[in-house]
Amino acid sequence: MTGPNRTAWATIQADEERYRPLYARLLGLRFVNPGGVLCFLFFEGTVALAVLLALAELVTWWAVLVLPAAVAAMVKLNDMVAAIVVRSAALVPEQERDRFRRQREPVVGRAQVEWLPHAVPGIVVTVERPTTSHAIDPQ
């Protein structure tokens, strides 16, 4: 089977790796590329939230360690799911990809509606259409 090799799947170039935030480099994120503000919120924001919850005595002080670790685990899990999605998308044949990417345009048409001069809002009035019989009389 031919297709892109594993290194082609990664969205981060090797020379750009050193400019990524430390949080993303420590987690080894390959497909999810959070920026600096998002990495700040992922780590320092969760630490601050855990400290506030601990000071309010809503959680124990272990939350200061557990909450950032849980968020880091979810970010890494999201990166692993993104890797699976990219690999499965690479296996889809090109004609199927084109079919999925094709933009579907809505069908616009006109419906003929009979106008009823005696229509009252909120009341449904039905009109029976005269039926024409094309049957030939046997007599």
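Which residue follows H3, and what is the sign of its phi? The residue that follows H3 is Glu57, and its phi is positive, near 60°. The paragraphs below lead up to this residue, beginning with the chain as a whole and then passing along the helix that precedes it.

The model is predicted. Its chain contains five helices and zero strands, and the pattern read along the sequence is accordingly written α-α-α-α-α. Of the 139 residues in the chain, 15% are buried. Among contacts in the chain with a separation of 6 or more, 40% are accounted for by residues 24 or more positions apart. The accessible surface of the chain comes to about 12000 Å², and carbon and sulfur atoms contribute 63% of that area.

Helix H3 covers residues 36-55, a run of 20 residues. Its length can be checked by a simple calculation: at 1.5 Å a residue, H3 should span 28 Å, and the end C-alpha atoms lie 27 Å apart, so the two values agree. H3 nevertheless has a bend of about 30°, located at Glu44.

The next matter is how the residues of H3 are covered. Cys39, Thr46, Ala50 and Ala54 are buried in this helix. As general background, an α-helix has 3.6 residues a turn, so residues three or four places apart point the same way. The buried residues of H3 pack against two other helices, namely H2 (22-27) and H4 (63-90).

A contrasting feature is found at the surface. Val37, Leu38, Phe40 and Leu41 form a nonpolar patch there, and together these residues have about 400 Å² of accessible area. One of them, Val37, can be placed in H3. The relative accessible area of Val37 is 64%, and because the cut-off for an exposed residue is over 50%, Val37 counts as exposed. H3 therefore includes both the exposed Val37 and buried residues, among them Cys39.

The path then returns to Glu57. This residue belongs to the loop between H3 and H4. Its phi, near 60°, is a positive value in a residue other than glycine. Is Glu57 buried or exposed? With a relative accessibility of 71%, Glu57 is exposed, because this value also lies above the cut-off of 50%. Glu57 thus combines a positive phi with an exposed position in the loop that connects H3 to H4.

Methods
Residues are numbered from 1 along each chain as its sequence is written. This is a predicted model: local features need pLDDT of at least 70, side-chain atom pairs count only at pLDDT 80 or more; totals for chains, interfaces and linings use all residues. Side-chain values use heavy atoms; hydrogens and water are left out. Helices (H or I, at least four residues) and strands (E, at least two) are DSSP runs, numbered from the N terminus. The expected span of a helix is 1.5 Å times one less than its number of residues. The bend at a residue is the angle between axes fitted to the seven residues ending there and the seven starting there. Buried means under 20% relative accessible area, exposed over 50%, partly exposed in between (1.4 Å probe, protein chains only). Contact means heavy atoms within 4.5 Å. Patches are made of residues with over 30% relative accessible area and no salt bridge: like charges are joined within 9 Å, nonpolar side chains (Val, Leu, Ile, Met, Phe, Trp, Tyr) within 5 Å. Accessible areas come from the Shrake-Rupley method with a 1.4 Å probe; for residues, only the protein chains shown count as cover. A salt bridge is a side-chain nitrogen of Lys or Arg within 4 Å of a carboxyl oxygen of Asp or Glu.
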